[in-house]
Amino acid sequence: MLAKTPVTIVTGFLGAGKTTLIRHLLRHAGGRRLALIINEFGDVGVDGDLLKGCADAACPREAIIELANGCICCTVADDFAPAVTALLARDPRPDHIVIETSGLALPKPLVKAFDWPELRTKLTVDGVVAVVDAAAVVDGRFADDPARIAEQRAADPSLDHDNPLEEVYEDQLLCADLVVLNKSDLVAPDALEKLRAEIARSLPRAVKIAATREGAIDVNVLLGVKAAAEDDLQARPSHHDAEGEHDHDDFETFVVAIPAASDPDSLIDRLSEATKAHDILRIKGFVEVAGKPMRMLVQGVGSRFQRDFDRPWGAGELRQSRLVVIAQRGVDRQAVSAALGA
């Protein structure tokens with residue numbers, strides 16, 4: 001009873017595959033009693049809903065807590081600490097707690113929270129897992145065009161060229177004990193090895209890097225790292241170390257309700273075109289398909305979309321199509337809503 005409960009923090013940018021990795025973990029728990037804390041950026045709890053659908057003896061629904069505040073690292077005292085306290089009070093107590101941060105969260109402030117006296121005696125950060133969308137990184141989603149920036153600086157040296165996407169992506173990597181290169185099947189082998197080498201060079205310490213497809217990785221690699229990350233904060237630099245606090249003013253999220261889809265293929269085409277036209281980072285949600293008893297899950301990162309019928313609509317459940325849109329600040333919400341078919 002005096003042993004600290006290990007906690008694994010799963011971080012990674014929007015659409016990297018964190019939820020898919022955790023679903024794999026739940027299916028291969030190996031007898032461990034798990035508990036989950038899921039943090040979402042958006043009012044429709046897509047990730048939490050999906051993971052609750054995986055609930056079983058290893059991780060019952062009551063051991064899955066959803067925090068829809070957008071940034072767990074900003075609300076540790078109000079949301080995270082009470083959630084952890086509730087999980088530790090369960091009988092039997094969980095063997096391991098897994099936290100899925102939102103795609104825009106910085107992991108280091110969350111790790112710092114484990115140094116609080118009321119948490120330090122009960123918990124230890126077993127490891128920080130950074131999930132990377134390998135295909136998106138190889139495509140240059142987080143990288144600026146150096147030549148274009150040089151031209152802009154020459155024209156106006158006062159311009160601020162900070163890239164908020166790149167900063168979040170790099171902060172997640174810099175805090176990691178394990179980097180998972182997910183969606184590796186979408187990347188050529190030579191490009192994947194180049195990415196692996198680039199990430200290894202960018203990190204201040206030796207970190208394991210594993211390539212995966214659909215988040216499938218040995219659970220024993222994910223759990224049991226024994227990093228005690230709360231004691232190792234100096235080795236985990238951040239772009240935001242000099243700041244007393246941080247915010248996510250560079251990003252915004254909103255929900256778009258759309259009519260039932262008569263043709264799923266046409267809907268996906270429309271979403272993809274809207275994403276390209278308005279530089280949307282992420283679209284995810286549940287869609288009613290006319291004449292179908294099943295609910296359709298839609299997930300898009302960049303212009304790449306996946307759809308799947310995840311479960312039947314429940315008796316008395318409102319059959320409503322709602323999509324969470326996440327974009328950089330200043331997006332034209334009205335235009336996006338119109339493009340999505342609202």
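V301 stands opposite R304 of strand 11 in this predicted model. The pairing belongs to strand 10 (residues 294-301) and strand 11 (residues 304-312), which are antiparallel and share eight bridges. The two strands form a hairpin with two residues between them. In the turn, G302 has a positive phi of about 60°.

On its other side, strand 10 pairs with strand 9 (residues 280-288), again in the antiparallel sense, over seven bridges. Within this pair, M296 of strand 10 is the bridge partner of V287. These strands are part of an open sheet of five strands, ordered 8-12-9-10-11, with antiparallel pairing. Strand 8 (251-258) and strand 11 stand at the edges. Each has a single partner strand, so one side of each lacks a neighbour in the sheet. From one strand to the next, the twist averages 15°.

Two helices that pack on this sheet are described here. Helix 8 touches strand 8, strand 9 and strand 12 (321-328). The direction of helix 8 makes about 100° with that of strand 8. Helix 11 touches strand 8, strand 9, strand 10, strand 11 and strand 12. Relative to strand 11, the direction of helix 11 makes an angle of about 140°.

Helix 11 (residues 264-278) also meets helix 12 (residues 333-340). Their axes come within 9 Å and cross at roughly 155°. Angles over 145 degrees count as roughly antiparallel, and helix 11 and helix 12 are therefore roughly antiparallel to each other. The crossing of helix 11 past helix 12 is right-handed. Helix 11 contributes R270, L271, A274 and H278 to the contact. Helix 12 contributes A335, V336, A339 and L340. By class, the residues in this contact are six nonpolar, one polar and one charged.

A second open sheet has seven strands, in the order 3-2-4-1-5-6-7, and its pairing is parallel. Strand 3 (64-67) and strand 7 stand at the edges. Each of these two has a single partner strand, so one side of each is left without a neighbour in the sheet. The twist of this sheet averages 20° from one strand to the next.

Within the seven-stranded sheet, strand 1 (residues 5-11) runs parallel to strand 4 (residues 96-100), and four bridges join them. V7 stands opposite I97 of strand 4. Helix 1 (residues 18-27) packs on the sheet. The strands touched by helix 1 are strand 1, strand 2 (34-39), strand 4, strand 5 (123-133) and strand 6. The direction of helix 1 makes about 160° with that of strand 4. Helix 8 (residues 164-174) lies across strand 1, strand 5 and strand 6. Against strand 5, helix 8 runs at about 135°. Helix 8 thus appears in both settings: across these strands of the parallel sheet and packed on the antiparallel one.

Strand 6 (residues 178-182) and strand 7 (residues 208-211) also run parallel, joined by four bridges. L178 stands opposite K208 in strand 7. From strand 6, the chain passes through helix 9 (residues 189-202) to reach strand 7. This β-α-β crossover is right-handed.

The loop between strand 6 and helix 9 holds K183 and L186. The phi of K183 is near 60°, a positive value in a residue other than glycine. Leaving aside neighbours within four places in sequence, L186 is in contact with A135 and R304. R304 is the residue of strand 11 that stands opposite V301. L186 and V138 are 48 residues apart in sequence, and their C-alpha atoms are 9.9 Å apart in space.

A further backbone feature concerns P92, in the loop between helix 3 (76-88) and strand 4. The peptide bond from D91 to P92 is cis, and its omega is near 5°.

How values were computed: Residues numbered from 1 in each chain as written. Predicted model: local features only at pLDDT ≥ 70, side-chain atom pairs only at ≥ 80, totals over all residues. Heavy atoms only, no water. Axes fitted to C-alpha atoms, helices over the stretch in contact; angles between N-to-C directions. Parallel < 35°, antiparallel > 145°, perpendicular 65-115°, else oblique. Left-handed = near helix turned anticlockwise from the far one by under 90°. Contact = heavy atoms within 4.5 Å. Nonpolar A, V, L, I, M, F, W, Y, C, P; charged D, E, K, R; others polar. Pairing = 2+ DSSP bridges. Right-handed = clockwise from strand over helix to strand, strands pointing away.
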